[in-house]
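Hi,

Here is the structure I promised to pass on. Have a look at it first, and then read my notes below.

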Amino acid sequence: MISNTQRKKIMLHIAAFMIIMLYNYLNTFIPGSSHDIISFSYMGFVVVWYLSIKERVINDSMRRFFFIGALSLVLLFILRLARWNYFGMYEMPNELLRYMNYIPLILIPMVSLNSALMVGVYNHEKTRRLIAMLWIVGIGLCALVVTNTFHNFAFRIKDSNPDSFSYSYGPGYYIIVFFSLTSIISAFIILIHRCRLSTSRRLAFIPILTLVVGIALIAVYFVSGGAPKLFGSKLYNLQEVYIFLYIAFWESCIQIGLIPTNSDYGKVFEASGLDAYICDINDKTVYSTKNYTPHEGSDDYRVTEQDIRGGKVVWQDDISSVKEIRASLIEVTKELADENELLELEHEMSSRKEELESLRNLYDELYDSVNPEIRSLRKLLTDIRQNGSDELPLIRQAAVLGAFIKRRSNLSILAHNSNEIDMKELEYSLRESMYYLSLANVKCSVMMGGRGSVPAEVLIRMYEIFHAVSSELIGKKCNIMVNVSGPEKLSMKIMIDSLVGEDFTERLKDRFKEGLEVSYDKDEGITYIICR
């Protein structure tokens with residue numbers, strides 16, 4: 001529905017156009033009158049119309065095409081002034097201006113088709129390629145007609161004298177006419193096809209009517225052999241028809257809703273339900289919503305401004321409920337702060353309790369892991385106190401047990417903190433145990449083949465196996481060599497230069513059967529115990 005404001009603007013444009021046409025017709029009967037004012041009036045009319053389009057049409061690409069169309073219309077009248085008032089009496093400029101006159105006549109239909117392709121939902125890539133092709137064809141036709149002097153493909157010049165200029169149409173001219181008519185008709189078909197508003201479809205006869213009238217006026221122009229006359233004065237020229245055809249066609253498409261515009265946004269703003277208003281650069285209110293009530297200076301309202309083109313928009317937000325919520329939040333925050341302090345203390349106590357529980361479990365695990373050795377050490381210490389002079393062998397055994405208890409506990413602490421232990425810890429443990437074994441006539445050596453971290457449980461098992469084997473050999477004069485390799489495939493080979501009973505190796509296999517594979521072998525008086 002066209003609003004009263006829009007209807008008034010349309011009637012003003014129509015009245016202005018009719019006044020210019022009427023003056024153009026009567027100008028012939030005014031002695032000494034000039035046609036320059038008429039041409040400038042038409043150019044001013046086109047500029048005013050384009051400025052209104054610039055404010056209304058939403059799509060940026062369409063606005064650019066409308067600018068090219070308006071510029072082409074203005075160029076029509078500039079060329080007409082140049083030809084008839086300034087350069088038309090010269091042969092070369094006269095001929096060139098005739099050709100250049102067809103540039104806007106080609107561009108106007110082409111940009112109309114470009115504009116139509118921008119309406120509605122479309123494939124951007126395909127549309128971009130199609131518009132590029134149209135511009136290539138349009139520029140090619142412009143070049144064709146401007147360079148007609150060299151090929152006479154569009155016009156066959158018979159006499160180039162400005163006073164007796166005569167010519168006939170060539171194939172290029174009919175190609176231009178076909179391209180122009182096809183473009184404007186295609187533009188309307190595309191607009192109707194892409195329109196999804198039933199109201200626009202019902203009012204499609206309006207742009208159709210303007211299209212038919214415009215094409216009919218052009219047909220009358222060419223059938224009459226030039227501008228038709230009434231009582232010896234020209235009714236219209238071709239330039240006026242192009243203004244009517246282009247502006248009336250696109251304006252009718254805009255008014256029936258085929259082209260999206262921001263018309264009636266003022267009514268939408270008024271009915272939006274906001275508490276706001278829009279003012280111009282002089283702070284004069286232009287639009288205000290129905291719910292707007294001034295609240296400047298009130299603590300319960302927040303006033304916000306935003307600059308826009310030609311003025312600013314001011315809106316108000318009721319923050320009274322927000323202030324109430326904020327006060328409640330402050331009170332709740334204080335309560336939560338006290339509760340958080342209690343929770344932090346509770347969490348700290350809980351963490352401390354868990355830490356103590358973890359340490360207690362660690363100590364229990366340490367005691368369980370070396371409990372047999374502790375009992376044996378206690379028994380040895382008791383025997384040492386009772387045996388008197390025969391205490392040296394017992395002291396050596398006690399030193400070996402003490403070294404194992406110390407190193408085994410250290411490995412358990414490391415395993416408590418990490419699932420993996422560096423192989424160096426196994427080397428340190430083996431060397432300390434071997435030192436005390438050497439005091440008991442058991443000579444030992446170790447070779448470490450590799451560096452890196454290995455599973456803690458496997459490393460501890462290997463140390464326990466070595467201790468079990470060495471404990472069996474205390475007091476015997478023998479040599480033990482240990483070869484450890486890893487860390488990818490961790491294994492330990494114990495070589496003893498004396499035979500060990502099979503019953504011991506079976507007990508060893510049975511004791512460490514979980515987590516490790518223990519094997520036993522003999523060769524030329526040497527016992528091999530391998531675990532991996």
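What follows is a walk through the helix packing, the strands and a few single residues. Keep in mind that this is a predicted model.

**Helix 11 and its two partners**

I'd start with helix 11 (residues 238–255), which packs against helix 10 (residues 205–223) at an angle of about 170°, the axes lying 8 Å apart. Helix 10 and helix 11 are therefore roughly antiparallel. On the helix 10 side, the contact is made by I206, P207, T210, L211, V213, G214, I215, L217, I218, Y221 and F222. Helix 11 brings L238, V241, Y242, F244, L245, A248, F249, S252 and C253 to that contact. By class, the residues where helix 10 meets helix 11 are 17 nonpolar and three polar, with no charged ones.

The other partner to look at is helix 2 (residues 36–56). Helix 2 and helix 11 pack at an angle of about 20°, with 12 Å between their axes. An angle under 35 degrees counts as roughly parallel, so helix 2 is roughly parallel to helix 11. The crossing of helix 2 and helix 11 is left-handed. From helix 2, the residues involved are Y42, F45, V46, W49, I53 and R56. They meet E240, I243, Y246, I247, W250, E251, I254 and Q255 of helix 11. The contact of helix 2 with helix 11 has 10 nonpolar residues, one polar and three charged.

Helix 11 also turns up in a contact with a loop residue. N101 sits in the loop between helix 4 (91–100) and helix 5 (102–117). Leaving aside residues up to four places away in sequence, N101 touches L76, L79 and Q239. Is N101 buried or exposed? Its relative accessibility is 16%, so N101 counts as buried.

**The five-stranded sheet**

Further along the chain, five strands make an open sheet with mixed pairing, in the order 10-12-13-15-14. Strand 10 (442–449) and strand 14 (518–523) are the edges, and each has a single partner strand, so one side of each has no neighbour in the sheet. On average, neighbouring strands here are turned by 15° against each other, direction ignored.

At the strand 14 edge, six bridges join strand 14 to strand 15 (residues 526–531), and the two run antiparallel. V518 is opposite C531 of strand 15. Two helices pack on this sheet. Helix 15 (residues 423–438) touches strand 10 and strand 12 (478–485), and its direction makes about 165° with that of strand 10. Helix 17 (residues 502–511) touches strand 14 and strand 15, and its direction makes about 160° with that of strand 14.

K509 is a handy residue for seeing how helix 17 sits, as it is found in that helix. Not counting residues up to four places away in sequence, K509 touches V518, S519 and Y520. K509 and I529 are 20 residues apart in sequence, and their C-alpha atoms are 10.0 Å apart in space. At 28% relative accessibility, K509 counts as partly exposed.

**Strand 5 and its neighbours**

Strand 5 (residues 276–280) is mostly covered, with four of its five residues buried. Five bridges tie strand 5 to strand 8 (residues 311–318), and the pair runs antiparallel. I278 has V313 as its bridge partner in strand 8. Strand 5 also runs antiparallel to strand 6 (residues 285–288), joined by three bridges. In that pair, Y277 stands opposite S288 of strand 6. The hairpin of strand 5 and strand 6 has four residues between the strands, and D283 takes a positive phi near 65° there.

**Backbone points to check**

Most residues other than glycine have a negative phi, and most peptide bonds are trans. With that as background, which residue outside the hairpin would I look at for its phi? N152, which is not a glycine, has a positive phi near 55°. N152 lies in the loop between helix 7 (148–151) and strand 1 (155–159). With 31% relative accessibility, N152 counts as partly exposed.

Then there is a cis peptide bond, from G486 to P487, with omega near 0°. P487 is in the loop between strand 12 and strand 13 (491–496).

Cheers

Definitions and conventions
Residues numbered from 1 in each chain as written. Predicted model: local features only at pLDDT ≥ 70, side-chain atom pairs only at ≥ 80, totals over all residues. Heavy atoms only, no water. Axes fitted to C-alpha atoms, helices over the stretch in contact; angles between N-to-C directions. Parallel < 35°, antiparallel > 145°, perpendicular 65-115°, else oblique. Contact = heavy atoms within 4.5 Å. Nonpolar A, V, L, I, M, F, W, Y, C, P; charged D, E, K, R; others polar. Buried < 20%, exposed > 50% of the residue type's maximum accessible area, 1.4 Å probe, protein only. Left-handed = near helix turned anticlockwise from the far one by under 90°. Pairing = 2+ DSSP bridges.
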